[in-house]
There are 2 protein chains.
Amino acid sequence: MKAKHILLTAIILTFGLSATAGAADGKKYRWRLAETWGPNFPIFGDASKNMAKMVKEMSDGRLTIRIDSANKHKSALGIFDFVKSGQYQMGHSASYYWKGKDFNTMFFTTVPFGMTAPEQYAWFYYGGGMELMKETYDKYGILSFPGGNTGVQMGGWFRKEINTVADLKGLKMRIPGFAGEVLAKLGASPTNIPSAELYTALERNTIDALEWVGPSLDLRMGFHKIAPYYYTGWQEPATELQFMVNQKAYDSLPADLQKILTIAMKTAAYDMYSQSTHENGVNLKALQTEYPDVKIRTFPQPVMNAIREANDELLAEFAAKDEETDKILKSIQRYQEQVRAWTKFADQAYLESFESNE
Amino acid sequence: MKAKHILLTAIILTFGLSATAGAADGKKYRWRLAETWGPNFPIFGDASKNMAKMVKEMSDGRLTIRIDSANKHKSALGIFDFVKSGQYQMGHSASYYWKGKDFNTMFFTTVPFGMTAPEQYAWFYYGGGMELMKETYDKYGILSFPGGNTGVQMGGWFRKEINTVADLKGLKMRIPGFAGEVLAKLGASPTNIPSAELYTALERNTIDALEWVGPSLDLRMGFHKIAPYYYTGWQEPATELQFMVNQKAYDSLPADLQKILTIAMKTAAYDMYSQSTHENGVNLKALQTEYPDVKIRTFPQPVMNAIREANDELLAEFAAKDEETDKILKSIQRYQEQVRAWTKFADQAYLESFESNE
């Protein structure tokens, strides 16, 4: 056997094996992800870690993703730009943080009085939501995916009880974003304050109320020690975090790694909803056991109705201004009407059947 | 360069590539899955197809799973034995079908008056449910995983309205499994009838009522044409289908394929819950539009209370008989109590806030 033939055999053997491993071209991809959260931030930070771990294990190390928390990249709300520019291949954040750049990004996180998490996942994956999100983000060269759901967020911690719509007038409340604008229509003074200063602001009456997340993340903030009323939620019924991927970086991956990445993001998002449900249950129990004086309240129906009307008016104003906004809101509203009819007969009727007639 | 050296180089090159592809040893695994459902069965059948497609794409064809429907293997309820013996590497079915073989398998599908789907996923993945399921199935050499959730199943189609507990006495109802035993305690005559004969049995008054799934799958059966009352559910609040894997077959896979398979099953299960939510919404709307005379009802509270009491008594009897049953039921009941407290303040309070005070 001549050397040339042996070399040829070697090449064939090599390419042969390469072919059985398919897209496994032997190339290793080392990516970086920038997240909005600080290091070891519970639940939210677990979602990005869970995703990166799944990708590494499923790809047998061919794609690894290093996670930089906000303490490292120093720009909690710079994630959109990091991913757009390709400085980071990926980001983990929330779509509504980009409403200043593109108003329509807001609707892919949650909408006040909008869908619950199971309803919203049905909309994303079977009701056209993913397609609308793609249209919105395509112009920035960013692929956007669900990144983990908190479940229904609580309405917030209040130092005084809210009995009438008049009680909202002049109320100084930390409630950022769209929900703040809704309350402003009813005379409240919404404000945003960095998380590290929230406790002191509430303690010193700089603010009268604040909303954060839910028992899962609120307890560590200590608000229950200084605000006796904890209200149920309306403003963020199904907050979905966001994974972002730079389109060019995504295109550079072989097809199997693209699939591994996409499914790892999807699973990590669903998992975070399960984890949030768990942590809310555990921490609500701890709250009620250790702080039995905290009063969990639902806003009186006239207050809820007034807030919902203000919300509907505001959304209608925005829809009238922009064709794409109108298209997205119509999709959400029509889908919600359809799926909610089901939720009422299914989950709601079931949950209510536990109230005894005593 | 000597031939021998070239050959050596070839070997190194070859193994080198093999090593960069890691566990991608070039070996292709061709598996078979037996499912309980007939071919092209909607939603349930989509879950196994979705899983197999994800596995194929993520593994770049290294693991492919051929799906045999019931028309092929001729044993809809033989899936447990197929997987136990290794005749099939995988199965797609529902754990409560095996209660005749092992009573405790029943609790990993759903429990009457048990958890909703989001609560139950939290229990499986964060509350110890997966560990208990593993303990139950380990003795059979089977790995069991969630296989897709239907959401809350409807209470069923009734030819007559149920107003009091006395109306259940002598009621001939197709309601299989544990829920049938519960109704039997209240004087009903539960029966099981093959699905193909259900419509005729209801039409000819062989039975007075039946339960199937929900709008997602009921409409194609035509029950709404002959039974005017459609009751909301209690008996299967979160029916979770089941993927089964033969332990030895699983152990024979390289680590990356094990991970790909496990995550594909998990995602397909979560996805089926989203798809069920979607299909229930779409089909409920079709039902209400095309058949406005169908009356959707909730059992009166005294009826629900009587059914729940009968259910609790029956579960307590079973728990007293078997240590493992007691352990599983305690886990479910304790977890449900904790997570339901949260669901009441979160989803239930939110859904109820939409009822206006008019």
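Six is the count to start with: in this predicted model, the interface of chain A and chain B holds 6 salt bridges. One of them joins B:Lys344 to A:Glu355, whose side chains meet with 3.2 Å from N to O. Beyond charge pairing, there are 29 residue pairs in polar contact between chain A and chain B, counting pairs with both residues at pLDDT 80 or more.

On the chain A side, the elements that put two or more residues against chain B are helices: H1 (3-20), H2 (44-58), H5 (117-126), H11 (255-290), H12 (301-321) and H13 (323-352). H11(A) gives the largest share, with 19 residues. Sorted by character, the residues of chain A that touch chain B come out as 40 nonpolar, 28 polar and 16 charged.

As for the extent of the contact, chain A brings 84 residues to it and chain B brings 84 residues as well. Putting the two chains together buries about 7,500 Å², and carbon and sulfur atoms give 65% of that area.

Then there is the matter of how the copies are arranged. A turn of 180 degrees, with a shift of 0.0 Å along the axis, lays chain A on chain B with an RMSD of 0.0 Å. The two copies are therefore related as by a two-fold rotation axis. The contact itself fits into this picture: 100% of the interface residues of chain A are interface residues in chain B too, so the copies meet through the same surface.

Methods:
Residues are numbered from 1 along each chain as its sequence is written. Chains are lettered from A and ligands numbered from 1 in the order in which they are written. This is a predicted model: local features need pLDDT of at least 70, side-chain atom pairs count only at pLDDT 80 or more; totals for chains, interfaces and linings use all residues. Side-chain values use heavy atoms; hydrogens and water are left out. Contact means heavy atoms within 4.5 Å. Buried area is the accessible area (1.4 Å probe) that two parts lose on being put together, summed over both. A salt bridge is a side-chain nitrogen of Lys or Arg within 4 Å of a carboxyl oxygen of Asp or Glu. A polar contact is a pair of N or O atoms within 3.5 Å; within protein, one must be able to donate a hydrogen and the other to accept it, and residues adjacent in sequence count only if both atoms are side-chain atoms. Helices (H or I, at least four residues) and strands (E, at least two) are DSSP runs, numbered from the N terminus. Ala, Val, Leu, Ile, Met, Phe, Trp, Tyr, Cys and Pro count as nonpolar, Asp, Glu, Lys and Arg as charged, and the others, Gly among them, as polar. Copies are superposed by least squares on the C-alpha atoms of residues with pLDDT of at least 70 in both.
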